[in-house]
Amino acid sequence: MDKITKTDEQWRAQLSELAYKVTRKHGTERAFSHDNFPKEPGTYRCICCDAPLFDQAQKFDSGTGWPSFWAPLEPERIETSEDRSWFMRRTEVHCAACEAHLGHVFPDGPAPTGLRYCLNGVALTFEPED
């Protein structure tokens, strides 16, 4: 997969202030502030590079206040790294194409994977199925 690189100034010009803070500076939006996506079939895409990342069929209500999925659309579209901020050890999730910070993945999700990709809604756009 080809990597997408842009300068900090280019990212700032492209993204809203909150999207920039979350995706480029590893921020987190407030819980329950951005889970207003439609419930219809479709694909969740990276706000930075438009890469398809998650499918509506893998979305579930985790009760956490952030959009949650039990699997990515294709595993190679997501990369992870260790996040030791806030005196915790978590697994950060980011877009493989542009390295946008999306959220974190936890081992407390539903079957079949047992994973909960807990993402920032501002890091995603929704494309309904045709």
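Biologist: What makes strand E6 (residues 90-95) count as mostly covered?

Modeller: Keep in mind that this is a predicted model. A residue is called buried if its relative accessible area is under 20%. In E6, 5 of the 6 residues are buried, so the strand is mostly covered.

Biologist: How do you know that strand E5 (residues 78-83) pairs with E6?

Modeller: Pairing takes at least two bridges between the strands. E5 and E6 are joined by 6 bridges, so they pair, and they run antiparallel. Look for Ile 78, which stands opposite Cys 95 in E6.

Biologist: And what makes E6 and strand E7 (residues 101-106) a pair?

Modeller: Same kind of check: at least two bridges are needed, and E6 and E7 have 4, in the antiparallel sense. Here Glu 92 stands opposite His 104 in E7. There are 5 residues between the strands in this hairpin, and Glu 99 takes a positive phi near 65°.

Biologist: Let's move to the open sheet. Why are strands E2 and E9 said to stand at the edges?

Modeller: The sheet has 3 strands in the order E2-E1-E9, with antiparallel pairing. E2 (52-55) and E9 (124-128) each have a single partner strand, so one side of each is left without a neighbour in the sheet. On average, neighbouring strands of this sheet are turned by 35° against each other, if you ignore direction.

Biologist: How do you know that strand E1 (residues 42-46) pairs with E2?

Modeller: Count the bridges again! The cut-off is at least two, and E1 and E2 have 3, in the antiparallel sense, so they pair. Thr 43, for one, has Asp 55 in E2 as its bridge partner.

Definitions and conventions: Residues numbered from 1 in each chain as written. Predicted model: local features only at pLDDT ≥ 70, side-chain atom pairs only at ≥ 80, totals over all residues. Heavy atoms only, no water. Helix = DSSP H or I, 4+ residues; strand = E, 2+ residues; numbered from the N terminus. Axes fitted to C-alpha atoms, helices over the stretch in contact; angles between N-to-C directions. Buried < 20%, exposed > 50% of the residue type's maximum accessible area, 1.4 Å probe, protein only.
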